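Open your viewer and get ready to click along. We will make a few stops, and at each one you will hear what to select and what is there.

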Amino acid sequence: MPEMPEVENIVIGIKDFIENKKIVDVEIIKGDVIKSPSSDEYRKLLQDKIIKSLKRRGKYIIMSLDDGRLNIIHLRMTGKLLYKQENEDIDKYSCVIYHLEDKTKLIYADIRRLGTLDLITTDEISRLKGLYTLGAEPLSSEFTIGYLKDCLNKSKTKIKPFLLNQKNVAGLGNIYVDEALAISKIHPERKANSLSDEEIEKLHQAINLVINEGIRDGGTSFRDYRNGLGEKGSHQDKLYVYNRKGKECRFCDTLITKIVLNGRGTYFCPNCQKLNDDK
DNA sequence: GCGTAGACTTGAGTCA
DNA sequence: ACTGCTCAAGTCTACG
């Protein structure tokens, strides 16, 4: 479900409500989303702990507790983190509820239950490979044109799967990859190592642009996404290609095409994003 | 080591 | 209304 701008909005929206509050109880409704430790251990270890901070890295949410442990939350496709008053109704698909000391609650809800919760010590971070091996964050000082160029030149895969690989750039997902490629006018099947310097520069700029605008617009609520307060984002109204099959390209009026690339629905403008035979 | 299909899981659909 | 089929914001594993 949520990509970096959506996760960022969730974290920014609720962190001030939950930081420095004590978890008085953890209610486990669908325990299979807890990957480690066991559900019982998870509940016991979180009871009476204070939430010191809530942060984001890539698409991961990192909740730091006052005993040094980290509650690592990944929403995958349909996970939600919702902050509510204790007397408010809970989501039908609630899996875990953290009851806080001030009669409020934080709910992890997930229709498909592909999301994951892991409570670990800081020494154990390397066990979560996806978190441990994340590449540079868009908009960060680490994410330079040179960094992107080095990664691209080491890769023989197509540009779309390259950008979806979190080891290269952290936080991009299916929507923002298609958008960044549309803005930089690069065909999704181009080989990563075939991009010219000029194209790399345009792609770098486009990634930062779509991520920045996605955050500013409160995320993309194409289907299930809601922020931590249950509100929709508005970036779905500004998409160039994603979910716009058969509609006119905003740059040239050609109709948007959809293909399946590495198992993912992929949208692009066949006129703006050409695939040359020699590339 | 690298790149690519398949698996996980459940509900929605300008479905048909 | 009910049925069935396709597709979905992500990542890990297995295989060639």
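**Stop one: the DNA strand**

Select Arg112 and DNA strand B: a polar side-chain atom of Arg112 sits 2.7 Å from a base oxygen of the strand, a polar contact (a pair of N or O atoms within 3.5 Å). This is a predicted model, in which local features need pLDDT of at least 70 and side-chain atom pairs count only at pLDDT 80 or more, while totals for chains, interfaces and linings use all residues. Side-chain values use heavy atoms, without hydrogens and water; residues are numbered from 1 along each chain as its sequence is written, and chains are lettered from A and ligands numbered from 1 in the order in which they are written.

Next, select Thr157, where a side-chain N or O atom is 2.5 Å from a phosphate oxygen of DNA strand B. At Lys156, a backbone N or O atom lies 2.9 Å from a phosphate oxygen of DNA strand B.

Now show the residues around DNA strand B, including Tyr93, Ile111, Leu114, Arg223 and Asn262; near means that a heavy atom lies within 4 Å. Of the strand's atoms within 4 Å of the protein, 68% belong to sugar and phosphate.

**Stop two: helix α6**

Select residues 174-183, helix α6. Is this helix enclosed or open? It is largely enclosed by the rest of the structure, because 9 of its 10 residues are buried (under 20% relative accessible area, 1.4 Å probe, protein chains only). Among the buried ones are Ile175, Tyr176 and Leu181.

To see what covers them, add α1 (4-18), α5 (159-164), α7 (197-216) and β11 (264-268), which are included in the cover.

Finally, click Lys185, just after α6: its phi is positive, about 60 degrees.

Notes
A polar contact is a pair of N or O atoms within 3.5 Å; within protein, one must be able to donate a hydrogen and the other to accept it, and residues adjacent in sequence count only if both atoms are side-chain atoms. Buried means under 20% relative accessible area, exposed over 50%, partly exposed in between (1.4 Å probe, protein chains only). Helices (H or I, at least four residues) and strands (E, at least two) are DSSP runs, numbered from the N terminus. Contact means heavy atoms within 4.5 Å.
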